[in-house]
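User: Hi! Could you walk me through this structure, one question at a time?

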Amino acid sequence: MVLNRYRENVRGYLEAIVRPLAKAGLTPNAVTLIGLILSLLSAYLYYLREPRVAALVLLIGSLIDALDGTLARLTGKTSKFGAFLDSTFDRISDGAVLFGIALGSLVDWRVAFLTLIGSYLVSYERCRAELAGSGKLAVGIAERAERLIIMMVFSFLGAEYVKYGVYLVGILAWITVFQRFYTAYQRLK
Ligand SMILES: CC(C)CCC[C@@H](C)CCC[C@@H](C)CCC[C@@H](C)CCOC[C@@H](COP(=O)(O)OP(=O)(O)OC[C@H]1O[C@@H](n2ccc(N)nc2=O)[C@H](O)[C@@H]1O)OCC[C@H](C)CCC[C@H](C)CCC[C@H](C)CCCC(C)C
Ligand SMILES: O=P([O-])([O-])O[C@@H]1[C@@H](O)[C@H](O)[C@@H](O)[C@H](O)[C@@H]1O
Ligand SMILES: [Mg+2]
Ligand SMILES: [Mg+2]
């Protein structure tokens, strides 16, 4: 909710990055795929217990996640399939990163599992409520941008801090689950 508000502030920078990509003929879906590959690489680096490099790669992957939509809008190539692809790859990325963190024993796998359920529920609630006619349900304390930035900040602190990032993301994600549930109830009842 908080970071989403800054989308407009960074739009100019993102468009500047995207223009050469558009000239090179890169399609939005190709950019989405590159973002996913970087997220998978980040997950692998977490598995190797290299959280700082993993966070850097995840940051670049997340920036690319902002570039695909920017490219699509700038070139008039937005598509329903592109939106579906973007959201689906986000879920693969979220799952892979937590899987890598758990496999690398950076956090207890049960905590990673609960955090993953919370994160997925947050996204699912938005998708399902919007389908039911709630209007945009981009509400809550920990949307994806917040969850990613928390993970990156704790990862940059070092391997022994990653678990605290996962705890925090898990707690905030579950708070967001209840916030979205309540908002959906108010709008759809
Ligand atoms: C000076 C320059 C050299 C550098 C300038 C850098 C700046 C530009 C920095 C900006 C970075 C920031 C944007 C990226 C990092 C944020 C990240 C951590 C969070 C991830 O956010 C996701 C991102 C994108 O979300 P979506 O995928 O939902 O959105 P879009 O892709 O735009 O649109 C989807 C939409 O597009 C269509 N579409 C898409 C794909 C496709 N194939 N076809 C399509 O048609 C379709 O219609 C889809 O529905 O969110 C971006 C916005 C974000 C919320 C803004 C955050 C601002 C914040 C202040 C940034 C701080 C970042 C900071 C660098 C982090 C430092 C952390 C460190 C300390 C660890
Ligand atoms: O809902 P949430 O987990 O904060 O985050 C999500 C957005 O950040 C993302 O860009 C979109 O593609 C997802 O489908 C989802 O809605
Ligand atoms: Mg995107
Ligand atoms: Mg995305």
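User: Which helices do the buried residues of H5 pack against?

Analyst: Happy to start there, with the note that this is a predicted model. The buried residues of H5 include Ala112, Leu116, Val122 and Ala129. The helices that the buried residues of H5 pack against are H4 (80-103), H6 (144-157) and H7 (162-188).

User: How far apart are the end C-alpha atoms of helix H5, and why does that agree with its number of residues?

Analyst: Helix H5 covers residues 109-131, which makes 23 residues. At 1.5 Å a residue the helix should span 33 Å, so the distance in the model agrees with that expectation. The end C-alpha atoms of H5 are apart by 32 Å.

User: Which backbone nitrogen does a side-chain oxygen of Asp108 reach at the start of H5?

Analyst: Here we look at the start of H5, where the side chain of Asp108 offers an oxygen. That oxygen comes to within 2.8 Å of a backbone nitrogen. The nitrogen belongs to Arg110.

User: And what phi does Gly133 take just after H5?

Analyst: Now we move to the other side of the helix, just after H5. Gly133 has a positive phi there, of about 105°.

User: Which elements give two or more residues to the shell around ligand 2?

Analyst: Let's begin with the contacts. An oxygen atom of ligand 2 is 2.8 Å from an N or O atom in the side chain of Ser87, and an oxygen atom of ligand 2 is 3.0 Å from a polar backbone atom of Arg144. Arg180 takes part too, with a side-chain N or O atom 2.8 Å from an oxygen atom of ligand 2. The elements giving two or more residues to this shell are H4, H5 and H6.

User: Which residues of H5 that are buried also appear around ligand 2?

Analyst: The residues around ligand 2 include Val122, Ser123 and Arg126. The buried residues of H5 include Val122 and Ser123. Found in both lists are Val122 and Ser123.

User: How much of the accessible area of ligand 1 does the protein cover?

Analyst: Among the 27 residues around ligand 1, those that come nearest are Asn29, Thr32, Asp65, Asp68 and Arg73. A polar side-chain atom of Asn29 is 2.8 Å from a nitrogen atom of ligand 1, while a side-chain N or O atom of Asp65 is 2.7 Å from an oxygen atom of the ligand. Of the 1,400 Å² of accessible area that ligand 1 has on its own, the protein covers 70%.

User: Which helix gives the most to the shell around ligand 1?

Analyst: Several helices contribute: H1 (7-23), H2, H3 (51-74), H4 and H6 each supply at least two residues. One of them gives eight residues, the most to this shell. That helix is H3.

User: How many aromatic pairs does the structure hold, and how is the pair of Tyr44 and Tyr47 arranged?

Analyst: The structure holds four aromatic pairs. In the pair of Tyr44 and Tyr47, the rings are 5.9 Å apart centre to centre, with 40° between the planes. Planes under 30 degrees apart would count as stacked and over 60 as edge-to-face, so this pair is tilted.

User: Why does Tyr44 count as partly exposed rather than buried or exposed?

Analyst: Tyr44 lies in helix H2 (residues 28-47), three residues from Tyr47. Buried means under 20% relative accessible area and exposed means over 50%. Tyr44 falls in between, because its relative accessible area is 47%.

Conventions
Residues numbered from 1 in each chain as written. Chains lettered and ligands numbered in written order. Predicted model: local features only at pLDDT ≥ 70, side-chain atom pairs only at ≥ 80, totals over all residues. Heavy atoms only, no water. Helix = DSSP H or I, 4+ residues; strand = E, 2+ residues; numbered from the N terminus. Expected span 1.5 Å × (residues − 1). Buried < 20%, exposed > 50% of the residue type's maximum accessible area, 1.4 Å probe, protein only. Contact = heavy atoms within 4.5 Å. Polar contact = N/O pair within 3.5 Å; in protein donor to acceptor, adjacent residues only side chain to side chain. Phe/Tyr/Trp six-rings, centres within 6.5 Å; stacked < 30°, edge-to-face > 60°. Near = heavy atom within 4 Å. Areas by Shrake-Rupley, 256 points an atom, 1.4 Å probe, with all protein chains shown as cover.
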